[in-house]
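These are my notebook entries on a structure that I looked up. I record each point in the order in which I checked it.

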Amino acid sequence: MEVDGTFAEFHVEDADVGEAFRVWREECARARAVAASFNSLDDTVDFRGETISLRYVLTHMIEEYARHNGHADLLREAIDGVVGE
């Protein structure tokens, strides 16, 4: 299901963890293939009226991934009280 990015509901009560990881791995493979299609990290594309480099996109994705991992860590800590390293 595609959404416009403004709001999406997630119902996880009956989620299939194996399926979720399968989809995630497929998306990782797709992203790697797209990144590999560029000649340089400095190659650019036009996106929503801006010119951005592959370097910018990859850096942004690392930042976002780290941010969401931090959120997940905070949620886990709130549930069981265990803190990370």
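Entry 1. I began with a definition: a residue counts as buried when its relative accessible area is under 20%. I then looked up Ser53, which lies in strand β2. Its relative accessibility is 18%, so I entered Ser53 as buried. I also noted a contact of its side chain: a polar atom there lies 3.0 Å from the backbone nitrogen of Tyr56.

Entry 2. I next considered how far the model may be trusted, since it is predicted. The mean pLDDT of the protein is 86, and 88% of the residues reach 70 or more. Confidence is highest in strand β2 (residues 50-53), at a mean of 96, and lowest in helix α2 (residues 54-80), at 86. I reminded myself that predicted coordinates should not be read in detail where pLDDT is low.

Entry 3. I asked in which sense strand β1 and β2 pair. Strand β1 (residues 44-47) runs antiparallel to β2, and I recorded 4 bridges in this pairing. Within it, Val45 stands opposite Ile52 of β2. The two strands form a hairpin with 2 residues between them. In the turn, Arg48 has a positive phi of about 50°.

Entry 4. Lastly, I turned to the surface. Which residues form a nonpolar patch there? I listed Val17, Phe21, Trp24 and Tyr65, which together have about 440 Å² of accessible area. Helix α1 (residues 17-36) gives the largest share of the patch, 3 residues. Tyr65 is found in helix α2. With a relative accessible area of 49%, I entered Tyr65 as partly exposed, because exposed requires over 50% and buried under 20%.

Conventions: Residues numbered from 1 in each chain as written. Predicted model: local features only at pLDDT ≥ 70, side-chain atom pairs only at ≥ 80, totals over all residues. Heavy atoms only, no water. pLDDT = per-residue confidence, 0-100. Patch = residues over 30% accessible without salt bridge, like charges linked within 9 Å, V, L, I, M, F, W, Y side chains within 5 Å. Areas by Shrake-Rupley, 256 points an atom, 1.4 Å probe, with all protein chains shown as cover. Salt bridge = Lys/Arg side-chain N within 4 Å of Asp/Glu carboxyl O. Buried < 20%, exposed > 50% of the residue type's maximum accessible area, 1.4 Å probe, protein only. Pairing = 2+ DSSP bridges. Polar contact = N/O pair within 3.5 Å; in protein donor to acceptor, adjacent residues only side chain to side chain.
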